[in-house]
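Here is a friendly set of notes to read alongside the model. Take the points in order, with the structure open beside you.

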Amino acid sequence: MSLDATLSKIDSDLSASIERLMEFLRIPSISTDPAFKKDVDKAADWLVDDLKSIGIDAKKHPTPGHPMVVGHVGDDADAPHVLFYGHYDVQPVDPLDLWNRDPFDPALEETEHGQVIRGRGSSDDKGQLMTFVEACRAWKAVNGKLPCRITFFFEGEEESGSPSLVPFLEANKEELKADLALVCDTSMVSRGVPSIASQLRGMLKDEFTIIGPRIDLHSGHYGGPGLNPLREISRIVASFYDEETGRVAVEGFYEGVHEVPAEQLRQWENCGFDEAEYLNSVGYTQPHGENGYSTLEQQWARPTLEINGLWGGYNGAGSKTVIPSQAHCKITCRLVGEMDPDKLRDKIRKHVEDRLSPDAKVVWDNDLEGSPASVMNLDRPEFEAARAALSDEWGREAVFTGMGGSIPVVGYFNTVLGLDSMLVGYANDDDAIHSPNEKYDVKSFHKGIRSWARILDALSR
């Protein structure tokens, strides 16, 4: 099969590919708002029709929420088999007055970094999803068939918590079987630096309330002898951290955390990441995490315990001289390596309970949420083959990166389907995903299509 001819076809058809994406972007498929339910359904239908137009056996599958779209192509049992995942739902557009144009009236715009596609979903994730579809379209047009077996799996609830995802995976395990999952919902570490995510941090959420007196108390009557829950919770929160080292001081917190291999550190150090720009863009002058670790290591490969909310007492205008009866704290932890969210929750709760003063009680939230980190199996030959393909396309060494956030579907593919995942995305940090004026660089879209063609060629050998 001819890769060069496929790449030429991608180049010559770029305008048509952009117009197809524009048509897709005009559908306001906001999954979290019931008012747009019909539009989400319309987007699923659009995908089914588009996949069928290039000879893919595609079908819309209803769920209790929004539909899943599944398509299959290829029947050679000896050929490699990949499952490609993307999501077709988008975030709400509020605040609408901050958009420079109608978010569902996409357009090409010129910027200092070149031409961009402006519109909701252009980067997250319709534009990225369509890079793969357009690569398949070009390959099929040139060669008559695709280089490997492919299952297309498009979700309509990613931006609203994916409530139907796990039940759907469990009910359709056989249909979704493959050798490897490909995910295009990530970004490049720096502009023009092709990236494959090698690890995703997991997540643990918890919340607690410190209860002191039975009711709010007059501070003139009980100030001094009375236990103040706000003072109590401030002391406990401060005890979470070692001020000298920046490490989390909860006993056993780092169990399951591993150091980054030297070769990956080399790639990270040469990936074009600008620490000063990253920090200065949000008003920082220096990093504030663990001593001895670079900003990228802290973001991608080190765990955190963050205070997301801390409140209690009187918050209105003026002053109210009370000792509040309760104080509240919300925390999240980003997990790495083999950290166990359930065991870690127990350690954090023990840390708090061991430090309670007499007359203080703690009540924990029972809405438990936690997911482990995902570490990609870089020993699989497909990863190095894809890295070489990306390097050829972008004219510089592709890097295995980490990611500070979480993509739960990757963990579910592993635990439910037994699939390893490869995450390749072409977004840039300035794409304003989830924000007004979202955009996707035309270069990212174009070279993303070419990149997938190269990767499919490499994986089929």
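1. Let us begin with Ser162, which sits in the loop between β6 (149–155) and α5 (165–171). Helices here are DSSP runs of H or I with at least four residues, strands are runs of E with at least two, and both are numbered from the N terminus. The phi angle of Ser162 is near 50°, a positive value in a residue other than glycine. Ser162 counts as buried because its relative accessibility is 16%; buried means under 20% relative accessible area, exposed over 50%, and partly exposed in between, with a 1.4 Å probe and protein chains only.

2. Before going further, please keep in mind that this is a predicted model, in which local features need pLDDT of at least 70, side-chain atom pairs count only at pLDDT 80 or more, and totals for chains, interfaces and linings use all residues. Residues are numbered from 1 along each chain as its sequence is written, and side-chain values use heavy atoms, with hydrogens and water left out.

3. Asn437 also has a positive phi in a residue other than glycine, near 65°. Look for Asn437 in the loop between β18 (421–424) and β19 (439–441). Is Asn437 buried or exposed? Its relative accessible area is 14%, so Asn437 is buried.

4. Two cis peptide bonds deserve a look. One joins Asp94 and Pro95, with omega about -5°, and Pro95 belongs to the loop between β3 (81–87) and β4 (107–111). Another joins Asp124 and Asp125, with omega about 5°. Asp125 is in the loop between β5 (114–118) and α4 (126–143).

5. Now to Ala79, in the loop between β2 (68–73) and β3. Which residue lies 382 positions away from Ala79 along the chain, with 9.1 Å between the C-alpha atoms? That partner is Arg461. Ala79 counts as buried because its relative accessibility is 14%. Leaving out residues up to four places away in sequence, Ala79 touches Cys148, Arg149 and Asp179; a contact means heavy atoms within 4.5 Å.

6. Val237 is part of helix α7 (residues 229–238). With 10% relative accessibility, Val237 counts as buried. Residues up to four places away in sequence aside, Val237 touches Ile307, Leu310 and Cys329. Ile331 is 94 residues from Val237 in sequence, and their C-alpha atoms are 9.8 Å apart in space.

7. Phe400 lies in strand β17 (residues 399–403), and its relative accessible area of 6% makes it buried. Not counting neighbours within four places in sequence, the contacts of Phe400 include Ile196, Ser198, Gln264, Gln267 and Trp268. Glu384 is also in contact with Phe400; the two are 16 residues apart in sequence and 9.5 Å apart in space, C-alpha to C-alpha.

8. The second largest pocket has a volume of about 780 Å³. Of its 28 lining residues, the closest to the centre are His288, Gly289, Gln298, Thr304 and Glu306. Elements that give two or more residues to this lining are α9 (275–280), α10 (295–300) and β11 (304–312). By class, the lining holds ten nonpolar, ten polar and eight charged residues. As for terms, a pocket is an open set of points on a 1 Å grid over the protein atoms alone, where a 1.4 Å probe fits, with protein on both sides within 12 Å along at least five of seven lines, and lining residues have an atom within 4 Å of a point. The volume is the space filled by probe spheres set on the points. Asp, Glu, Lys and Arg count as charged; Ala, Val, Leu, Ile, Met, Phe, Trp, Tyr, Cys and Pro as nonpolar; the others, Gly among them, as polar.

9. Finally, the whole chain. Its secondary structure comes to 14 helices and 19 strands, and 52% of its 461 residues count as buried. The radius of gyration is 25 Å, which agrees with the value near 23 Å for a compact globule of 461 residues; this radius is taken over C-alpha atoms, and the globule rule is 2.2 Å times the number of residues to the power 0.38. The C-alpha atoms fill a box of roughly 85 × 50 × 50 Å along the principal axes. Among contacts with a separation of 6 or more, 79% are between residues 24 or more positions apart.
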